[in-house]
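Hi,

Here is the structure I promised to pass on. Have a look at it first, and then read on for what turned up.

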Amino acid sequence: MKIVTKYGSKHIISTIILGFLFVLPKISFSQNLGTTHTLDIKTSEIIEKKVDSVLLLMTLKEKIGQLVLYNGSWDVTGPPSDVGNKEKYQKLKNGEVGAMLNATSVAGTKELQRTVIENSRLKIPLLFGYDVIHGFKTIFPIPLGESASWDLEAIKLSSSIAAKEATASGINWAFGPMVDISRDARWGRIMEGSGEDPFLGSKIAVARIKGFQGDDLSSNHTLAACAKHFAAYGFAEGGRDYNTVSIGAYELHNTVLPPFKAAVEAGVASMMSAFNEIDGIPATAHKELLRDVLKNDWNWNGFIVSDWASIAEMIFHGYVGDKVQAAERAIIAGNDMDMEGRAYEAGLEQLVKAGRVDEKLIDDAAKRILRIKFRLGLFEDPYRYCNEEREKKEIYTKEHLEASRDVARKSIVLLKNDTNVLPLKKDVKHIAVIGSLGADKDSPIGSWRGMATPNSAVSLLEGIKLAVDKTVKVSYAKGVALGMGDRSFVRELKVNRDDFTGIKEAVALAKSAEIVLLTLGEEAFQSGEGRSQVSIELTKPQQRLFDAVYAANKNIVVILMNGRPLAISDIAEKVPSILETWHLGSESGNAIADVLFGDYNPSGKLPVSFPRNVGQVPLYYNVKNTGRPSNPDGMVFWSHYTDEKNEALFPFGHGLSYTTFKYKDLQISAPSFSTGGNIIVSVTVENTGKLKGKEVVQLYLRDLIGSLTRPVKELKGFELIELTAGESKVVTFTINEEIIKYYTANKKWEAESGDFTVFVGGSSQTSLQTDFSFKK
Ligand code: BGC
C-alpha cells in the first residue's frame with residue numbers, strides 16, 4: 001500500500017495499520033541484561049518495522065508531540081510551569097504530548113491515557129514517568145545506604161518490588177537509577193547514588209536496571225528504567241547542586257561514564273541528561289556526550305530525556321537567547337525528549353520549516369521513544385498498567401515490607417565496636433533511646449520517597465520495643481530538636497541551630513539507663529535535591545546533646561541516621577560503638593533492632609569515604625599519588641594538610657561484623673599474562689570469631705605506570721561470602737585484559753603493558769598484596 005502524504009489518505013491508512021498493530025499477538029521480548037543490550041534479532045526487527053510504519057503516518061507536529069513530557073501534578077521539582085491543565089488536556093487530545101510525569105494511580109493514568117487514545121488521530125499511548133528512587137509505597141533504604149549492602153541480589157530485589165508497585169499504580173517508566181558518582185558529601189544528592197566508586201557504581205547500576213526492567217520489558221510488572229544524570233552532575237563545584245562542572249577527559253571517562261556504559265550494556269531504556277554545564281557546555285546540549293559518545297560510540301538505541309526544564313534553562317546558563325535556540329541546540333545534540341521545558345513545542349516545528357533543524361533528527365528522536373513504547377507493550381494494550389485489582393492487592397504488602405526489612409538490615413554498617421558493646425543482650429534491664437531521630441517515623445523514609453505515606457516508618461523506639469521482652473524498660477527522651485516547622489519536598493527545612501531545650505531531661509534519663517542508644521544525624525529533608533550544605537558536622541544542639549549524654553553515661557551506642565557522610569571525628573574517638581543506619585525505609589526500626597540485638601550480624605561496607613573534616617572534601621580512596629606523597633625528611637613540602645590527616649575517618653569499603661575475618665594465603669596463578677589470557681588471584685578468608693557472619697571480600701589493583709597517571713588503588717572485584725565460626729573459604733578472582741583497561745593518553749579504552757599490584761581485603765585500606773605484569 002502506497003503511503004501518500006496528504007493528511008486524509010494518511011489518516012485512513014493509519015487507522016488500518018494501527019488496528020493491525022493492536023491485534024497483534026503478544027510478543028515476549030527476551031532481553032539479555034548481562035553484558036549486551038541486544039534484543040533477540042527477530043524481535044528487534046519486528047519492533048523496528050512497527051516503529052517505521054507508525055512514523056510514516058505521523059505529521060511533523062505529531063512527531064514533535066512524542067518529544068514532549070508534561071508534568072501531571074503540582075508535585076514539582078522545579079518552578080511550576082505556566083501551562084494550565086486545560087491547555088494540557090487539549091494538547092493530549094491533539095496527540096501533541098508523548099509522556100507525562102508525576103501522574104500516578106490507576107484512575108489518574110487511565111483517564112489521561114483515555115484522553116489520548118479516544119481523541120488523538122494516531123492514538124499513540126503515553127509513557128507515565130515517576131521518580132521511583134528507593135521504592136514506590138514500600139520504601140527501601142536510600143540508594144546510598146542500600147549500596148552499603150554490596151549485595152547485588154538484594155538491590156535488584158528492591159528495584160523489582162518498586163517496579164511491581166509502581167506498575168500496579170499506572171507507572172511504566174522510572175526516573176532511576178541515579179548513577180552519578182560523587183565524592184562530595186556536601187552535595188545533597190549523594191544520598192541518591194551509589195557512592196564514590198565507578199566499579200561498584202556500575203555493578204549497582206546494572207542490578208537496579210535488571211530489577212526495574214526484568215528480563216522482559218513487556219511484562220506488566222516491569223518498567224522502563226532511566227539512568228541519570230548524564231553526565232558529571234555529581235561533580236558540581238563546591239558540592240552546590242546544579243553548579244558548574246569542570247572536569248577533564250580522564251576523570252570523565254574513567255570515573256563518571258563507566259556506570260552509564262554499564263547501564264547501556266544492561267539494556268537501559270532511557271537516560272536523563274544533567275542540569276549542569278561541563279566546561280562551558282550545558283549537558284542538555286552536549287553533542288559530544290549525548291550523540292557522539294552515548295548514541296554513536298556506544299551504539300545505544302534508547303532515548304534521552306532532558307531534566308526538568310533544563311532545555312529552557314540553557315537561557316539562564318547564557319548558552320542560548322530563547323527557547324527556540326534552546327530547542328535547536330538540544331535536538332542537534334541528541335536530547336530526545338523535553339521535560340517541562342516547553343522549548344520543543346515552542347521551537348522545533350519552525351526550526352524544521354526554516355531548515356535549521358533536519359527533520360531526520362526529529363524522526364530519530366520520535367523513533368527512539370516509539371521503540372520503548374512498543375517494547376513496553378503499550379501499543380497492544382495502552383491500559384496494561386491500569387489494573388484496579390492489582391493496585392489494591394500488590395502495593396505495600398506484607399511480603400514487600402519483609403523484603404524492605406531484610407534489605408535495610410543488610411545496608412547497616414557497623415563503623416566501630418571497640419569493646420564489643422554490641423550486640424546487646426535482650427535481658428538488659430533499661431534501654432534509653434535518646435535523640436529526636438529515635439522516635440521519628442518520617443525521617444527514615446528519606447528524601448525522594450515516592451508515594452510513601454508520611455510518618456509511616458517503624459521508628460527505632462518502636463523497633464526496640466517490639467524486639468525485647470515486656471520486662472525490659474525502654475524509655476525515650478527527645479533531647480534536642482533537629483528540623484523545625486513543616487517538612488516538605490519542595491521547601492527548605494528549617495534546621496535547629498540554637499535551641500538546646502531537652503538536654504537536661506535527656507541527661508537525667510541517660511543516668512538512669514543501663515545502655516543508651518543515642519540517635520544523631522540528619523532528618524530526611526536535609527539531603528536530596530537542592531539540599532547542599534557547607535557543613536557536614538552535627539548541628540550544635542546535637543553536638544551539645546552528645547557531650548552531655550556521654551558525660552552522664554559512657555555505655556553508649558551512637559546510631560547515625562543520615563543521607564550523606566558526616567564528619568564525626570570527636571564522637572568516633574569517644575564512643576565505643578557506632579552504627580551507620582542511613583535512612584533505611586519503611587522498616588527502619590525493626591532492621592536496626594535486628595542488628596543491635598544480633599539477630600542479624602552486620603555486613604554492610606561503606607560505599608563512600610567518611611571525612612574527618614569537611615575541608616578534606618572531595619575525598620575518595622582511589623586518589624592519585626601526586627609527586628609528593630610523603631615526607632621522608634620531615635619537611636613540610638608534601639601533599640597534606642597541616643591541621644588534619646589526609647585519610648578518611650572511615651574509609652571506602654570499611655564495615656565491621658560481630659565476628660572477625662582473617663585474610664591469608666594470597667596467591668596468584670602466574671606472575672604475568674598477555675592478551676587473551678588471564679590470571680587467577682586467590683585468597684583464603686577465615687571466620688576467626690564466634691559467630692556466623694558475612695564479609696565483602698574486595699579486590700583492588702594498582703597500575704604502577706601508565707600513559708596517564710593511575711590511582712593508588714582501584715576496586716576491580718568483590719564477593720559477598722558467608723562463613724560459620726571457624727570456617728574458611730578460598731575466594732578467587734579472575735584478572736584479564738578487560739579489567740585493567742582504562743581511558744588512556746590515546747583517548748581510547750585500552751589495556752597497557754606494565755606492572756600491577758593486587759590488593760585483597762575487607763576494606764580499601766587493606767595492605768595484603770602481591771604483584772603481576774601484563775604484556776600486550
Ligand atoms: C531531578 C530529576 C527528576 C526530575 C523529575 C529533577 O529535578 O533532577 O532527577 O527525575 O526532577 O522529578
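Lys110 sits in helix 5 (residues 106-119). Its relative accessibility is 30%, so Lys110 counts as partly exposed. Leaving out residues up to four places away in sequence, Lys110 touches Tyr383, Cys386 and Glu388. If you want a long distance to check your setup with, Lys110 and Gly234 are 124 residues apart along the chain, and their C-alpha atoms are separated by 36 Å. Bear in mind throughout that this is a predicted model.

Next, a helix pair. As you know, two packed helices are described by the angle between their axes and the distance between the axes. For helix 7 (residues 152-167) and helix 8 (residues 198-213), the axes come within 7 Å and cross at roughly 35 degrees. The crossing of helix 7 with helix 8 is right-handed. On the helix 7 side, the residues that meet helix 8 are Leu152, Ile155, Lys156, Ser159, Ser160, Ala162 and Ala163. Across from them, helix 8 brings Lys203, Ile204, Ala207, Arg208, Lys210, Gly211 and Phe212. Sorted by class, that contact has seven nonpolar, three polar and four charged residues.

One of the helix 8 residues, Lys210, is partly exposed, with a relative accessible area of 29%. Lys210 and Ala266 are 56 residues apart in sequence, yet 7.3 Å apart in space, C-alpha to C-alpha.

Ser194 is in the loop between strand 4 (173-174) and helix 8. Its relative accessible area is 4%, under the 20% cut-off, so Ser194 is buried. Outside its neighbours within four places in sequence, Ser194 is in contact with Leu144, Ser147, Leu200, Gly201, Ile204, Arg208 and Pro607.

Now helix 10 (residues 258-265). How many of its eight residues are buried? Six of the eight are, so helix 10 is largely enclosed by the rest of the structure. The buried ones are Pro258, Pro259, Phe260, Ala262, Ala263 and Val264. They pack against helix 8, strand 5, helix 9 (249-256), strand 6 (270-273), helix 11 and strand 26 (749-750). Just after helix 10 comes Gly267, with a positive phi of about 85 degrees.

Helix 11 (residues 287-297) has its own buried set: Leu289, Leu290, Arg291, Val293, Leu294 and Lys295. After helix 11 comes Asn299, whose phi is positive, near 55 degrees.

On to the rings. The count comes to 21 aromatic pairs. In one of them, Phe230 and Phe260 have ring centres 5.0 Å apart and planes at 80 degrees, so the pair is edge-to-face. Phe230 belongs to strand 5 (residues 226-230) and Phe260 to helix 10, so this pair ties together parts that are 30 residues apart in sequence. Phe230 counts as buried at 1% relative accessibility, and Phe260 counts as buried at 0%.

Phe673 and Phe772 make a tilted pair, 6.0 Å centre to centre with 40 degrees between the planes. This one links distant parts of the chain, with Phe673 in strand 20 (residues 672-674) and Phe772 in strand 28 (residues 769-775), 99 residues apart. Both Phe673 and Phe772 are buried.

There is also an aromatic cluster made of Trp150, Phe199, Tyr621, Phe652, Tyr700 and Phe718. As for charges over rings, the charged end of Arg183 sits over the ring of Tyr620, 3.5 Å from its centre. Lys713 has its charged end over the ring of Phe759, 4.6 Å from the centre.

Last, some backbone oddities. Most residues other than glycine have a negative phi, and most peptide bonds are trans. Which bonds are cis here? One runs from Leu422 to Pro423, with omega near 0 degrees, and Pro423 is in the loop between strand 11 (413-417) and strand 12 (430-434). Another cis bond runs from Val617 to Pro618, also with omega near 0 degrees, and Pro618 is in the loop between helix 22 (588-596) and strand 19 (661-668).

On the phi side, Arg342 is not a glycine but has a positive phi of about 60 degrees. Arg342 lies in the loop between strand 10 (338-339) and helix 14 (344-353) and counts as buried at 6% relative accessibility. Asp665 also has a positive phi, near 50 degrees. Asp665 lies in strand 19 and is partly exposed, with a relative accessible area of 46%.

Cheers

Terms used
Residues are numbered from 1 along each chain as its sequence is written. This is a predicted model: local features need pLDDT of at least 70, side-chain atom pairs count only at pLDDT 80 or more; totals for chains, interfaces and linings use all residues. Side-chain values use heavy atoms; hydrogens and water are left out. Axes are lines fitted to C-alpha atoms, for helices over the stretch in contact, and angles run from 0 to 180 degrees between N-to-C directions. Helices (H or I, at least four residues) and strands (E, at least two) are DSSP runs, numbered from the N terminus. A crossing is left-handed if the near helix is turned anticlockwise from the far one by less than a right angle, and right-handed if clockwise. Contact means heavy atoms within 4.5 Å. Ala, Val, Leu, Ile, Met, Phe, Trp, Tyr, Cys and Pro count as nonpolar, Asp, Glu, Lys and Arg as charged, and the others, Gly among them, as polar. Rings of Phe, Tyr and Trp (its six-membered ring) pair if their centres lie within 6.5 Å; planes under 30 degrees apart count as stacked, over 60 as edge-to-face and the rest as tilted. Buried means under 20% relative accessible area, exposed over 50%, partly exposed in between (1.4 Å probe, protein chains only). A charge sits over a ring if NZ of Lys or CZ of Arg is within 6 Å of the ring centre and within 35 degrees of the ring normal.
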